[in-house]
Amino acid sequence: MPFATWIAFVIAAVVIAISPGSGAIMAMSHGLSYGLRRASATVLGLQLGLLLMFVIAGAGVGSLVMASELAFGLAKTIGALYLIYCGVSQWRAAPTGMAAAAATDAAAPPSFGRRVATGFLTNATNPKGIIFMVAVLPQFIAKDAPLLPQLAILGVTMVTIDSIVMHGYAGLAASMQGYFRDPRAVRKQNHFFGGVLVLVGAALFFVKRTPG
């Protein structure tokens, strides 16, 4: 793979990672609720979901999903409903996590596995991920070179960049924990992130397949 192509992909991956989306919202929500260390499990799940989208696009399955109105509609509906479910759950949640625990005897945060699963499903059920991968990834693949080494390089690059950015979002949110020690403030935080997740989920219903 030419170095110039790789640099172009790095720039594209940074821009996409920094752009606010459901993954960034989830990373910030868990960083603020549970702290950076616990939010790392959520970030791990986000990367596993991102890798799944990458593999789907790299294997050509993503193109089939984009071509099938039924398959794309199903993926879009599942992703939208999952984000709405997460948003409603967050909205209704009692003050929990590290910030509220400092002021109350709150329940323990979700288990490591559940945090990983939440991150994974957030990215794995996002139809925008399929659209991005199918539309962007082929532009960085040289047809006259072996496919697997190129996919490996791009995959590692993408996951590394996104992981750093998501940890940055989670760390930034975790640094604000001191301002959310009051359970009433934690409720407002839950309402804010829950509302945003519901809006993002609802917006997915309006995502359309790219013409092709």
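Q: Hey, quick one to start: is Ile131 buried or exposed?
A: Hi! Ile131 counts as buried, at 15% relative accessibility. Keep in mind that this is a predicted model.

Q: Okay, and why does 15% make Ile131 count as buried?
A: Because buried means under 20% relative accessible area, and Ile131 comes in at 15%.

Q: Where is Ile131 placed, helix-wise?
A: Ile131 sits in helix α8. In space its C-alpha is 9.0 Å from that of Ala57, although 74 residues separate Ile131 and Ala57 in sequence.

Q: What about Ile130, buried or exposed?
A: Ile130 is buried, and its relative accessible area is 8%. This residue also belongs to helix α8. For Ile130 and Leu52, the C-alpha to C-alpha distance is 9.7 Å, with their positions 78 residues apart in sequence.

Q: Let me zoom out. How many helices and strands are in the protein chain?
A: The protein chain has 10 helices and zero strands, so read from the N terminus its elements go α-α-α-α-α-α-α-α-α-α.

Q: And what share of the residues counts as buried?
A: It's 44% of the 212 residues in the protein chain.

Q: Among contacts with a separation of 6 or more, what percentage comes from residues 24 or more positions apart?
A: That share is 89% for the protein chain.

Q: Before I lean on any of this, what is the mean pLDDT of the chain?
A: The mean is 79, and 80% of the residues reach 70 or more.

Q: Which elements have the lowest and the highest mean pLDDT?
A: Helix α6, residues 97-101, has the lowest at 46, while helix α7, residues 112-124, has the highest at 93.

Q: Where is the pLDDT below 50?
A: Over residues 97-107. In the model that stretch makes 26 contacts beyond its near neighbours in sequence.

Q: Then let's look at α7. Is Asn123 buried or exposed?
A: Asn123, which lies in helix α7, is buried with a relative accessible area of 12%.

Q: Which residues does Asn123 touch?
A: Setting aside residues up to four places away in sequence, Asn123 touches Gly23, Leu46, Gly49, Leu50 and Met53.

Q: And Arg114, buried or exposed?
A: Arg114 is exposed, with a relative accessible area of 54%. Like the previous residue, Arg114 is found in helix α7. Its C-alpha is 8.8 Å from the C-alpha of Ala41, which is 73 residues away along the chain.

Q: New topic: the nonpolar core. How many residues are in the largest one?
A: There are 28, and the residues with the most contacts inside that core are Phe9, Phe54, Met133, Leu137, Met158 and Met166.

Q: Which elements give two or more residues to this core?
A: Those are α1 (3-18), α2, α3 (36-58), α8 (127-136) and α9. The largest share is from α9, with nine residues.

Q: Take Met158. What is Met158 in contact with?
A: Apart from neighbours within four places in sequence, Met158 is in contact with Phe9, Leu50, Phe54 and Met133.

Q: What does the second, separate core include?
A: That second core has nine residues, including Leu83, Cys86, Ala173 and Phe193.

Q: Why would nonpolar side chains be buried together?
A: As a general rule, that is how nonpolar side chains tend to behave in soluble globular proteins.

Q: Back to Met166. Buried or exposed?
A: Met166 counts as buried, at 3% relative accessibility, and its place is in helix α9.

Q: What is Met166 in contact with?
A: Without its neighbours within four places in sequence, the partners are Ala17, Gly23, Ala24, Ala27, Val43, Leu46 and Gln47. For Ala24, the C-alpha separation from Met166 is 6.1 Å, with their positions 142 residues apart along the chain.

Q: At what angle do α2 and α9 pack?
A: At about 35°, with the axes of α2 (residues 22-34) and α9 (residues 147-174) 7 Å apart. The crossing of α2 and α9 is right-handed.

Q: Which residues meet there?
A: From α2 there are Gly23, Ala24, Ala27, Met28, Gly31 and Leu32, and they meet Met166, Tyr169, Ala170, Ala173 and Ala174 of α9.

Q: How many nonpolar, polar and charged residues has that contact of α2 with α9?
A: By class, nine nonpolar, two polar and no charged residues.

Conventions: Residues numbered from 1 in each chain as written. Heavy atoms only, no water. Axes fitted to C-alpha atoms, helices over the stretch in contact; angles between N-to-C directions. Helix = DSSP H or I, 4+ residues; strand = E, 2+ residues; numbered from the N terminus. Left-handed = near helix turned anticlockwise from the far one by under 90°. Contact = heavy atoms within 4.5 Å. Nonpolar A, V, L, I, M, F, W, Y, C, P; charged D, E, K, R; others polar. pLDDT = per-residue confidence, 0-100. Core = buried A, V, L, I, M, F, W, Y, C linked by side-chain atoms within 4.5 Å. Buried < 20%, exposed > 50% of the residue type's maximum accessible area, 1.4 Å probe, protein only.
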